[in-house]
Amino acid sequence: MELKNNLFTDDGWQIYERQFDPEQFVTTGSNYLIGNGYLGYRGTFVEWEADRFVGCNVTDTWDTAEGSEWRELCNVPNGLFTQLFVEGEQLSGFEGETLAFYRQLGLRYGLYEREHTWQGAHHKPVKISVERFASYDNLHLIAMRYQITAEQDTEIVVLTGIDGRVWSLNGEHFKSYRAFEEDGLIAVETVTGEFGIQIDVVEGLAIEGVTPVDRAMVERDKHILRGLTFRLEAGDTLSLFKYMVVYSSNDDPAPCERALADARAALATGYEALKAAHMAHWDRIWNISDIEIGGNLEVQAITRFNLYHATIATPAHAKLPIGARGLSCQVYQGAAFWDQETFNMPMFLYTRPEVARNLVEYRYDTLPGARKKARDLGYYGAFYAWTSGKTGEELFPDYFFTDVLTGRKLHNHFNSWQIHISPDIVYALWLYYEVAGDWEFMLDYGAEIAFEVAQFLVSRIHFKKDKHRYELIRLLGPDEYHENVDNNVYTMYLAKFAFEKALIIFRRMATENPEQLDALLAKIGIDRSATEDWQDIVDLIYLPQPDPETKLIEQFDGFFQLEDVTPAELRARLLHPEEYWGWPNGVAVEAQVLKQADVLQLFALLDIFPPDVMRANYEYYEPRTEHGSSLSPSVHALIATKAGLHDAAYRYFMEASTIDLYNMSKKVMSGGSFLGGIHTAACGGVWLMLVRGFAGFEVHGDRLRFNPVLPATWTSLSFALTFRYNVLRITITPDTLQLSSDEGNPAPVHVLVGEQEVVVAPGQRVAVTI
């Protein structure tokens with residue numbers, strides 16, 4: 001089936017292109033990414049170098065680039081680098097003649113494939129076939145098969161090895177390079193400038209089919225390469241098997257030795273056996289994570305594309321963050337934002353809860369950084385970083401955007417005023433507890449987070465004596481165009497949620513675990529009287545309410561008094577297309593035009609508003625939203641579904657789910673900053689739109705609820721959910737919802753379908769008319 005943007009699919013398990021579009025090599029470098037949560041290798045040609053955005057981004061390598069204020073993940077030397085010269089002429093997608101081309105990303109097993117028939121001025125065509133994967137069996141390994149088939153008798157030279165000249169977005173990270181050869185393996189060892197992280201990339205090579213007539217080692221300009229000359233007869237196929245292994249000193253105290261050992265093991269095991277082991281891991285992932293859509297092959301491919309990228313962006317092996325661009329590039333530093341908890345985590349919470357637990361435990365591990373940030377800004381408790389790496393200290397600079405009209409940096413307050421990040425984390429830990437029913441987790445991790453966030457909010461909130469209420473002032477909500485606002489509705493409701501959950505945890509601990517409670521309070525330096533403040537704030541916090549007549553909720557104090565103008569009208573006022581729209585002097589600051597709608601984002605998290613309120617606010621805020629964030633369309637799709645606006649829901653679903661695949665991202669530049677790469681939260685948003693939106697899935701205490709509405713072109717929607725260690729498999733058709741409980745489930749599951757309640761026992765299948 002032909003899709004859009006030069007793409008095709010056969011059965012929804014792959015995307016591929018039949019011709020190379022040189023104008024899209026930046027986009028396709030991200031879209032054809034392979035990865036495994038430890039590393040991500042961009043979908044570029046192995047013949048390319050740093051100037052074409054080749055990158056292998058590795059997690060847990062945060063370091064500040066030389067002469068920069070940016071601490072980001074490192075791109076490491078490229079151990080797959082391979083260049084082919086045919087009769088002295090270099091194969092290229094940009095020069096010579098491409099006679100046939102095919103590039104595919106196999107979504108089922110994370111297999112990158114490329115077939116490229118090419119000839120130069122010599123008119124001796126060669127066909128190269130490339131396959132590679134980032135192993136899920138050994139996260140440190142990328143394996144590649146590179147085959148060359150000659151149509152005529154031809155002499156070729158292959159330069160293959162490690163290219164140490166990496167693409168780095170914000171400057172050089174390595175203060176030293178050491179290239180060496182050991183027992184047939186080649187390696188590049190680097191050391192980072194800030195923290196002295198040692199990173200070793202080792203390459204092993206096996207040759208089959210044709211024997212080289214000449215060999216030489218080539219070391220130049222941070223490259224260590226094998227120069228191999230072959231004489232191919234017509235019809236000959238030469239196969240090169242390359243094994244790239246990456247370790248850092250954050251992974252192992254002896255990274256070089258580990259990398260060398262793994263490369264030797266890969267050579268001994270062989271490509272096909274390594275691929276089979278890798279594929280077995282993917283089979284297990286898809287068994288619980290796949291979402292099947294009947295009746296629309298385009299949507300099926302789009303869905304799996306997003307689920308695939310959401311999976312490979314996530315460091316399931318460790319307690320580390322999901323980067324806002326995953327491991328597709330260094331944009332946003334490989335760091336977590338608030339959308340990790342609100343967009344990325346739900347997919348894992350209901351499919352692979354152990355991964356969700358890792359994400360919450362990551363926030364526990366970064367409590368010291370959150371406490372430090374609060375202290376640095378004059379507060380106490382835990383104020384989590386807007387941009388968080390390994391330690392939880394704030395990674396983002398105060399000056400991010402540049403005024404493109406004056407060249408001066410703009411001071412944004414994402415770090416200091418966007419305080420909703422802390423209650424967002426309480427929302428996530430409570431969601432995990434609600435779904436897993438894991439009180440031990442709460443005792444060991446969740447309670448400390450919840451109490452420290454409550455204390456931070458106590459130190460940040462203001463009591464207005466004249467109004468006899470608590471307010472939060474000088475805020476920045478998810479709508480980042482409006483800074484320095486008071487009583488942002490999203491922040492106010494999430495703050496109350498955080499206080500309420502802290503009180504629930506405290507009171508249960510006081511009854512059931514009093515000694516652990518006393519030990520925790522002593523550890524964090526508060527006493528039991530702290531709950532008096534928490535309860536007082538819950539009772540008196542100001543929560544903007546729907547207007548009795550219009551049902552509208554004001555996004556923040558004074559929002560309705562701003563100029564009421566459309567995004568299109570504002571865009572026409574720009575003096576430069578890359579102007580930043582927000583603080584301090586952007587075109588949206590004094591207007592009712594939003595980057596994303598905070599009221600709708602609130603509806604997406606808290607199921608406390610009726611459909612008529614959601615509909616009224618959707619209809620008001622939607623035409624005023626500029627969608628400057630990739631998060632915005634999926635929230636609009638979700639709320640449109642809940643509000644009964646099904647055409648709008650489907651339109652926004654398609655927009656949100658194709659941001660990367662169809663290159664629909666509104667901006668890759670804003671305020672002079674490059675913002676490309678895979679939008680991992682948007683990928684997580686696809687799961688939310690499908691499961692919480694079209695399937696109408698919610699959790700109500702110990703019951704699951706479904707109110708499904710399928711788009712008109714779909715014949716079915718099938719997915720699996722994990723709830724309190726029970727696995728349910730759900731299939732929705734236009735008139736039936738089928739539930740199947742896995743044989744090994746520990747308990748019956750109570751399910752509401754509309755107003756009908758059913759109990760599904762382990763091993764049972766139930767069908768309910770809808």
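Trainee: Are F20 and F45 buried or exposed in this structure?

Mentor: Both F20 and F45 are buried. Buried stands for under 20% relative accessible area. Do keep in mind that this is a predicted model.

Trainee: How many aromatic pairs does the structure hold?

Mentor: There are 61 aromatic pairs.

Trainee: Why is the pair of F20 and F45 called tilted?

Mentor: Their ring centres are 5.1 Å apart, and their planes meet at 40°. Centres within 6.5 Å make a pair, and planes neither under 30 degrees nor over 60 count as tilted, so that name fits F20 and F45.

Trainee: What makes this pair a link between distant parts of the chain?

Mentor: F20 sits in the loop between β1 and α1 (25-31), while F45 sits in the loop between β3 (39-41) and β4 (56-64), and the two are 25 residues apart.

Trainee: Why is the pair of Y364 and Y445 called edge-to-face?

Mentor: The planes of Y364 and Y445 make 85°, with 5.0 Å centre to centre. Over 60 degrees counts as edge-to-face, so the name follows. This pair too links distant parts of the chain: Y364 belongs to helix α6 (residues 353-365) and Y445 to helix α10 (residues 439-460), 81 residues apart. Both Y364 and Y445 are buried.

Trainee: How do you know that the charged end of R108 sits over the ring of W13?

Mentor: The charged end of R108 is 4.7 Å from the centre of the W13 ring. The distance limit is 6 Å, and the direction must be within 35 degrees of the ring normal. R108 is listed as sitting over the ring, so it satisfies both conditions. R304 also lies over the face of W13, at 3.7 Å from the ring centre.

Trainee: Let's turn to the sheet. What makes β1 and β13 edge strands?

Mentor: The open sheet has 9 strands in the order β1-β8-β9-β10-β11-β18-β15-β14-β13, with antiparallel pairing. Strands β1 (14-17) and β13 (174-182) each pair on one side only, and are the edge strands. From one strand to the next, the twist averages 15°.

Trainee: How do you know that β1 pairs with strand β8?

Mentor: Two strands pair if there are at least two bridges between them. Here 4 bridges join β1 to β8 (residues 97-106), so they pair. For example, I15 has L105 in β8 as its bridge partner.

Trainee: Which helix packs on the sheet?

Mentor: Helix α2 (residues 255-269) does, touching strands that include β11 (141-150) and β18 (237-248). The direction of α2 makes about 20° with that of β15.

Technical notes
Residues numbered from 1 in each chain as written. Predicted model: local features only at pLDDT ≥ 70, side-chain atom pairs only at ≥ 80, totals over all residues. Heavy atoms only, no water. Axes fitted to C-alpha atoms, helices over the stretch in contact; angles between N-to-C directions. Contact = heavy atoms within 4.5 Å. Phe/Tyr/Trp six-rings, centres within 6.5 Å; stacked < 30°, edge-to-face > 60°. Buried < 20%, exposed > 50% of the residue type's maximum accessible area, 1.4 Å probe, protein only.
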